[in-house]
Amino acid sequence: AYDVVVNQVRREVAEALADTQAAARQIGAARAALAAAEEGFRLEADRTRQGQGLPIETLDSFRQLLDARQEMIRAVVAYNVAQFRLYAAVGAWAAPVAH
């Protein structure tokens, strides 16, 4: 019985750790996409202001920027959930056991 519980805890910790690491990578990818979208929107807006671009192109860049921001939020939320699962898996949430 003890070995079963120990193996279950190890499995939960390993899964939560893997999820946390994957979510951290997602944040990195989302951060890069957000930076590219911000730059693209800035450039399109500047071109439109100078009369070299069409407003529809700026609107498309703005939509891409919004999508990138939403993806960043999703990645951060996924990371927070994974961190909480890891926190719980290592027993930080467990009540102290009386000896």
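A salt bridge is a side-chain nitrogen of Lys or Arg within 4 Å of a carboxyl oxygen of Asp or Glu. One such pair joins the side chains of arginine 63 and aspartate 67, at 2.9 Å from N to O. The model is predicted, so local features need pLDDT of at least 70 and side-chain atom pairs count only at pLDDT 80 or more, while totals for chains, interfaces and linings use all residues. Residues are numbered from 1 along each chain as its sequence is written, and side-chain values use heavy atoms, with hydrogens and water left out.

## Overall form

The protein has two helices and zero strands. Both kinds of element are DSSP runs numbered from the N terminus: helices are H or I with at least four residues, and strands are E with at least two. Helix 1 covers residues 2-49, and helix 2 covers residues 55-89.

The C-alpha trace spans about 75 × 20 × 15 Å along the principal axes of the protein. The radius of gyration is 22 Å, whereas a compact globule of 99 residues would have one near 13 Å. This radius is taken over C-alpha atoms, and the globule rule is 2.2 Å times the number of residues to the power 0.38.

Contact means heavy atoms within 4.5 Å. Of the contacts with a separation of 6 or more, 72% are between residues 24 or more positions apart.

## Surface and charge

About 7,300 Å² of the protein is exposed, and carbon and sulfur atoms supply 61% of that area. Accessible areas come from the Shrake-Rupley method with a 1.4 Å probe; for residues, only the protein chains shown count as cover. A residue is buried under 20% relative accessible area, exposed over 50%, and partly exposed in between (1.4 Å probe, protein chains only). Buried residues make up 19% of the 99 residues.

The protein has 11 positive and 12 negative charges, and their mean positions are 2 Å apart. In this count Lys and Arg are positive and Asp and Glu are negative, while His and the chain ends are not counted. Each charge is placed at NZ of Lys, CZ of Arg, CG of Asp or CD of Glu.

## Salt bridges

Side chains of opposite charge can pair when their charged atoms come close. The count of salt bridges comes to nine. Three of them are listed here, including the pair named at the start.

| Pair | N to O distance |
|---|---|
| Aspartate 46 and arginine 42 | 3.2 Å |
| Arginine 63 and aspartate 67 | 2.9 Å |
| Arginine 74 and glutamate 71 | 3.1 Å |

Aspartate 46 and arginine 42 both lie in helix 1, four residues apart, about one turn of the helix. Aspartate 46 is partly exposed because its relative accessibility is 26%. Arginine 42 is partly exposed too, at 40%. These two residues also belong to a network of salt bridges that links Glu39, Arg42, Asp46 and Arg49.

In helix 2, arginine 63 and aspartate 67 are four residues apart, again about one turn of the helix. Arginine 63 has a relative accessible area of 42%, so it counts as partly exposed. Aspartate 67, with 35%, is partly exposed as well.

Arginine 74 and glutamate 71 are three residues apart in helix 2, and therefore about one helical turn separates them. Arginine 74 is partly exposed at 48% relative accessibility, and glutamate 71 is partly exposed at 34%.

## Where the two helices touch

Threonine 58 is in helix 2. Because its relative accessibility is 14%, threonine 58 counts as buried. Leaving aside neighbours within four places in sequence, threonine 58 is in contact with Phe41, Glu44, Ala45 and Thr48.

Glutamate 44 is in helix 1 and is buried, with a relative accessible area of 19%. Not counting residues up to four places away in sequence, glutamate 44 touches Glu57, Thr58 and Ser61.

Glutamate 57, in helix 2, is partly exposed at 30% relative accessibility. With residues up to four places away in sequence not counted, glutamate 57 touches Glu44 and Arg47. Glutamate 57 and glutamine 21 are 36 residues apart in sequence, and their C-alpha atoms are 36 Å apart in space.

Isoleucine 56 is also found in helix 2. Its relative accessible area is 58%, so isoleucine 56 is exposed. From isoleucine 56 to glutamate 44 there are 12 residues in sequence and 9.7 Å in space, C-alpha to C-alpha.
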